[in-house]
Amino acid sequence: MRVTAAVFEKLYKPFSVDEVELDPPGPGEVLVQIVATGVCHTDAITRDGDLPFPPPGVLGHEGAGIVAEVGPGVTDVAVGDKVVIGWPWCGQCRNCLDGQPRYCLSLGPLVAGGCRPDGSMPLRRTDGSPLHSHFFGQSSFATYSLCAASSLVPVAADAPVEILGPLACGIGTGAGAVLNALRPGVGSSVVVYGAGAVGLSAVMAAGLTGATTIVAVDRLPARLSLARELGATETIDVSEAGANPVAAVHEICGGPADFSLECTGVIEVVRQAADSVGMRGTCALIGGAPAGASFSLDHMSTLWGKRVIGTLGGEGRSVELIGALIALNKQGRFPYDKLITPFPLESVNDALEASRAGDVIKPVLRMS
Ligand SMILES: NC(=O)c1ccc[n+]([C@@H]2O[C@H](COP(=O)([O-])OP(=O)(O)OC[C@H]3O[C@@H](n4cnc5c(N)ncnc54)[C@H](O)[C@@H]3O)[C@@H](O)[C@H]2O)c1
Ligand SMILES: [Zn+2]
Ligand SMILES: [Zn+2]
């Protein structure tokens with residue numbers, strides 16, 4: 001069928017919005033009419049070559065919409081159901097069977113392989129030349145997306161589907177890192193480096209726990225004000241002359257913090273986040289840095305019982321994490337909708353630029 005998509009033509013270049021052809025769903029697949037799809041920093045770093053998804057193709061991995069058609073064997077969802085498209089997983093590997101589908105052993109090819117898991121390519125230009133698809137199993141910078149039924153999270157008929165897509169990546173990643181991975185205990189301290197969509201979601205989630213000190217660190221004062229509104233008890237502005245965020249954290253916490261989260265994707269900040277926690281503290285790495293980046297840590301203070309961990313997608317299973325965040329948002333306890341700015345699909349390049357410039361926090365592309 002003919003659909004409209006933002007085509008990622010070349011590395012570093014703006015997307016071009018065009019008509020393309022998409023095949024009908026095969027066995028176990030679902031065609032989703034996209035209502036809206038979030039723009040994540042990971043789309044930008046993929047366009048710039050830091051994730052190995054091959055152009056030309058279609059990016060987008062925070063889609064939500066309405067089931068338009070189901071392929072053979074699909075019984076969990078039906079035409080007309082509202083769904084959020086979660087991360088893909090194989091369901092058969094050791095980690096999937098262990099209840100950790102974020103760490104599916106096929107994750108690399110499933111998110112960035114550029115085709116279906118069987119290697120076939122269901123997306124092409126109107127002249128018949130192939131386009132890569134299935135970015136994070138969805139390629140949702142388009143009016144329709146073909147995805148595995150197993151990655152879908154069905155939501156209630158009255159759910160606000162136009163804001164739900166970002167729960168599948170940016171928003172869910174920050175919140176899940178706190179709620180699933182770190183689980184701060186009563187009276188603990190949590191430091192969040194980077195008050196973008198991911199970091200502010202971590203701040204809001206920390207506010208749902210027993211943590212009593214929640215520190216947001218950023219270089220944009222407006223984001224730090226918002227962090228305070230969303231639950232940060234302290235903020236550190238690294239744009240101030242002579243700012244030393246690690247010393248400031250130690251001063252606020254009366255020593256090292258219990259938990260830190262690196263949500264900037266800036267490699268120098270990894271060391272700051274790791275130095276912010278001490279013995280038995282945990283530093284969670286979340287930000288996506290340039291391809292091939294490495295970092296170094298102080299050996300002794302790390303050896304002395306510090307944990308530095310990588311986390312993906314907020315861990316856990318999409319169905320529980322997204323379901324819980326929708327309920328918390330409805331109750332007014334997780335107001336992530338305050339982070340969203342809508343753009344039409346045609347303005348995808350403006351949306352990416354506004355996000356890069358720090359003018360908007362979570363752009364969401366709405367289909368007309
Ligand atoms: N691990 C995962 O599963 C996962 C999922 C989604 C996104 N990500 C990554 O998480 C990162 C954050 O995503 P986002 O959408 O929130 O991005 P964003 O650009 O909205 O936020 C990054 C924030 O970091 C701040 N910042 C930059 N340099 C800083 C510094 N030196 N000190 C303190 N703050 C600084 C920026 O001002 C900005 O507010 C990205 O790198 C993205 O690729 C990872
Ligand atoms: Zn798997
Ligand atoms: Zn993402």
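**View 1. A nonpolar patch on the surface of the predicted model.** Met279, Met300, Leu303 and Trp304 get together here to make a nonpolar surface patch of about 490 Å². If you're looking for Met300, check helix 9, which spans residues 299-303. So how exposed is Met300? Its relative accessible area is 49%, so Met300 counts as partly exposed, since that label covers values from 20% up to 50%.

**View 2. The shell around ligand 1.** Zoom in on ligand 1 and you'll find 29 residues surrounding it. Val198, Asp218, Arg223, Gly288 and Gly313 are the closest of them. What's the shell made of? Sorted by type, its residues come out as 15 nonpolar, 11 polar and 3 charged.

**View 3. Polar contacts to oxygen atoms of ligand 1.** Start with the side chain of Asp218: one of its N or O atoms sits 2.6 Å from an oxygen atom of ligand 1. The backbone joins in too, with a polar backbone atom of Val198 at 2.9 Å from a ligand oxygen. For Ala197, the distance from a backbone N or O atom to an oxygen atom of ligand 1 is 3.0 Å. As for cover, ligand 1 on its own would expose 870 Å², and the protein buries 91% of that.

**View 4. Helices and a strand around ligand 1.** Which elements give two or more residues to the shell? They are helix 1 (41-47), helix 5 (197-206) and strand 12 (213-218). Helix 1 chips in the largest share, with 3 residues.

Technical notes: Residues are numbered from 1 along each chain as its sequence is written. Chains are lettered from A and ligands numbered from 1 in the order in which they are written. This is a predicted model: local features need pLDDT of at least 70, side-chain atom pairs count only at pLDDT 80 or more; totals for chains, interfaces and linings use all residues. Side-chain values use heavy atoms; hydrogens and water are left out. A residue is near a molecule or strand if one of its heavy atoms lies within 4 Å of it. A polar contact is a pair of N or O atoms within 3.5 Å; within protein, one must be able to donate a hydrogen and the other to accept it, and residues adjacent in sequence count only if both atoms are side-chain atoms. Accessible areas come from the Shrake-Rupley method with a 1.4 Å probe; for residues, only the protein chains shown count as cover. Helices (H or I, at least four residues) and strands (E, at least two) are DSSP runs, numbered from the N terminus. Ala, Val, Leu, Ile, Met, Phe, Trp, Tyr, Cys and Pro count as nonpolar, Asp, Glu, Lys and Arg as charged, and the others, Gly among them, as polar. Patches are made of residues with over 30% relative accessible area and no salt bridge: like charges are joined within 9 Å, nonpolar side chains (Val, Leu, Ile, Met, Phe, Trp, Tyr) within 5 Å. A salt bridge is a side-chain nitrogen of Lys or Arg within 4 Å of a carboxyl oxygen of Asp or Glu. Buried means under 20% relative accessible area, exposed over 50%, partly exposed in between (1.4 Å probe, protein chains only).
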